[in-house]
Structure formats: structure tokens, C-alpha cells
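Me: Please take me slowly through one part of this structure, and explain each term as you use it.

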Amino acid sequence: YTYILNLPNPNVNYISISFCLDDNYILNAYVAIISILDNKNDNTYISFYLIVSKDFKRENIDIILSLYEQYELFNITFIRMNNQFDNVTTFRYITKSAYYKLILADLLPKLNKIINFDSDIIVYKDLFNLFNHNFNNYLILASPIFGSYKYRNQKKSYNTGILLLNLQKMRETNFTQKIKEIINNGFKDTKYFLHDQAIINQFFFEYIGDLE
């Protein structure tokens, strides 16, 4: 589903943001999006891309669309997933929707970059500076974690709750194909049970740069 009710104009800063979720996280995502819209600058226009599970309920789509009644300078696109992640291993509160962020380069072929948020976040400021962060040839920018969740004798690992993704470079390096090969070969996060975060840190550590 695509809903574009307010088209951007040349005088606004344009940002693309994605959330990957299922019905379990609808209220979290709703609050997160409100925090983004409440704290953006007046000249910031945001395109939201919600990657949702194949059985995502229509009433939950309507909950998100109700934001059009309260805010301006944004649009929402829903992309419903198929069954390609049905066989992934999940544990605790993490669901298969956590894996969707790993293939955004293919799901959003017309975008060069995007900020991806997990739904359990609150935003307190405008995001244009984050969106324009220099990639320095990295595929991914993320916040480092020191002292825990370390892989392969690394001094740090990276949290995947907030990611700036270089979608263009991901496509150039066949990132999505590599992800699918890892998952299809039976990947299981048996150390920390962090799933998508484990894949990023174990197999793509050298492609990640630091966010503050």
C-alpha cells in the first residue's frame, strides 16, 4: 500500500525512514513515529517505509494512517512481506520481522539510503543530520557497543536498533544475496540470541562504521 497525501517541495529536507514490524509491535512503532513527527523541523519531510509481516492486520495499518489527521509533511508506504523468512530461528521477544531490515536494499530499489529504526525507540530531535551522515565507503553506520556482545575477538560490536544503511552500495556488493545465503544455510544465533544483530556483527563487521 502506498499513501502519499502531502507531496514534498524544493524547500524541505527529505528523509527516508523504515520500520520492520509485525502486529506485536504496532503500538511501539506508532509511538516511535509520533516522536519523530513531533520533533522534526518544520522544513523536514519524511517518507516512512513500513515493512510488515504477510499477515499484518488491516486495523493496524489504519492505526498508522490515522497520523495523517494530525501531522503534515510526511508520507507512508507499506510493504507486505511474503514467506521468505518463515524458516528463520527466533528466540525470546525477537520475531522474524527483525530480519527484514537486512534486505532493505532489494525491498527499496529506488532509494540510495535509509535510516532504519527498531520500534522500541523514542526520537527527541530532527533527523536530517543523521540522514546526511558521511558513510566514508561503509555499507552500514551503527552505534558501537563496548565490553559485551563481542564476536570474533573484536573490541566492540554494533547495535542494530538504529542503522543508517547505504542501500546503493549494498546493491553494488550483492549484500542481500549474501544475507539470504547465510540464512538459507541454517544460521542460528546460539551465543547471544540477537538474530539480525548477530549476522551483522559476525559476517559484516568490516563493513560497519561508527555512529555517535
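Reply: Let us begin with cysteine 20, which is found in strand 2, residues 13-21; strands (E, at least two residues) and helices (H or I, at least four) are DSSP runs, numbered from the N terminus. The model is a predicted one, in which local features need pLDDT of at least 70 and side-chain atom pairs count only at pLDDT 80 or more, while totals for chains, interfaces and linings use all residues. Residues are numbered from 1 along each chain as its sequence is written, and side-chain values use heavy atoms, with hydrogens and water left out.

Cysteine 20 has a relative accessible area of 13% and is therefore buried, a word that means under 20% (1.4 Å probe, protein chains only). Although 80 residues separate cysteine 20 from tyrosine 100 in sequence, their C-alpha atoms are 6.1 Å apart in space.

Strand 2 also gives two or more residues to the largest nonpolar core, as do helix 1, strand 3 (44-52), helix 2, strand 4 (74-80) and strand 5 (114-117). Such a core is a set of buried Ala, Val, Leu, Ile, Met, Phe, Trp, Tyr and Cys residues joined through side-chain atoms within 4.5 Å. This one has 36 residues, and those with the most contacts inside it are Ile17, Phe19, Phe48 and Leu50, while helix 1 supplies its largest share, eight residues.

Leaving aside neighbours within four places in sequence, isoleucine 17 is in contact (heavy atoms within 4.5 Å) with Ile36, Ile46, Ser47, Phe48, Tyr49, Ile114, Ile115, Phe117 and Leu127. Apart from the largest core lies another, of 30 residues, including Tyr49, Ile51, Ile183 and Phe204.

Notes: Buried means under 20% relative accessible area, exposed over 50%, partly exposed in between (1.4 Å probe, protein chains only).
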